[in-house]
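Grab a pencil and work through these short exercises with the structure open beside you. Try each task before you read its solution.

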Amino acid sequence: MKKVFSMMLAALMLFALAVSAGAAEVSSEAGNEISPQYVALSTLSPTLTFSGKNVTCAVLARTKESTAKITLSMTLYEVSSSGLMTKVAGWNNLTGTGRVSTSKVYANAVSGRTYRLAVNATVKDSSGTHYDNEYRSAKCP
């Protein structure tokens with residue numbers, strides 16, 4: 001009886017080793033890149049570009065369903081050297097069906113400061129209401 005139990009335990013341990021080795025192999029193939037997995041969006045891509053004191057805050061958002069309603073809000077923050085974020089501009093109710101592409105300008109950027117753009121998306125499609133967000137940070141030259 002002891003021998004049968006020992007053989008079953010050994011087989012179970014070998015199986016556990018094979019499973020964990022396979023998991024390690026899969027995770028090493030994935031690399032370090034992390035891609036967002038949206039439920040209702042195929043694209044949510046904010047950008048920040050600088051020209052003098054102007055910061056252009058742009059976003060492109062596409063839904064997976066062409067008839068889905070999308071509502072975006074954009075908030076621009078100035079980030080202090082200690083990491084404290086202060087809201088400096090915001091734009092709400094940027095809407096569309098299937099796609100929204102828009103840009104807004106903040107005209108008081110300070111050279112050397114870091115700015116962070118937060119984009120919040122609400123999508124209403126055939127399966128319900130979904131929420132996603134995306135962020136971009138950049139330093140004003």
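**Exercise 1.** Find the strand that holds Glu-78, and decide whether Glu-78 is buried or exposed.

*Solution.* Start with the strand: Glu-78 sits in β3, which covers residues 69-79. Keep in mind that you're looking at a predicted model. Next, take the relative accessibility of Glu-78, which is 18%. Buried means under 20%, so Glu-78 counts as buried.

**Exercise 2.** Which side chain makes a polar contact with the side chain of Glu-78, and which residues further off in sequence is Glu-78 in contact with?

*Solution.* First, the polar contact: the partner is the side chain of Tyr-115, at 2.9 Å. Then leave aside the neighbours of Glu-78 within four places in sequence. What you get is a list of contacts with Leu-84, Met-85, Thr-86, Val-88, Val-110, Arg-113, Thr-114 and, once again, Tyr-115.

**Exercise 3.** Look at the phi of Asn-93: what is its sign? Is Asn-93 buried or exposed?

*Solution.* Locate Asn-93 first: this residue belongs to strand β4, residues 85-97. Its phi is near 55°, so the sign is positive, in a residue that isn't glycine. As a rule, most residues other than glycine have a negative phi. Now for accessibility: Asn-93 has a relative accessible area of 62%. Exposed means over 50%, so Asn-93 is exposed.

**Exercise 4.** How many disulfides does the structure hold, and is Cys-57 buried or exposed?

*Solution.* The disulfide count is 0. Cys-57 has 0% relative accessibility, so it counts as buried. Cys-140 has a relative accessible area of 2%, so Cys-140 is buried too.

Terms used
Residues are numbered from 1 along each chain as its sequence is written. This is a predicted model: local features need pLDDT of at least 70, side-chain atom pairs count only at pLDDT 80 or more; totals for chains, interfaces and linings use all residues. Side-chain values use heavy atoms; hydrogens and water are left out. Helices (H or I, at least four residues) and strands (E, at least two) are DSSP runs, numbered from the N terminus. Buried means under 20% relative accessible area, exposed over 50%, partly exposed in between (1.4 Å probe, protein chains only). A polar contact is a pair of N or O atoms within 3.5 Å; within protein, one must be able to donate a hydrogen and the other to accept it, and residues adjacent in sequence count only if both atoms are side-chain atoms. Contact means heavy atoms within 4.5 Å. A disulfide is a pair of cysteine sulfur atoms within 2.5 Å.
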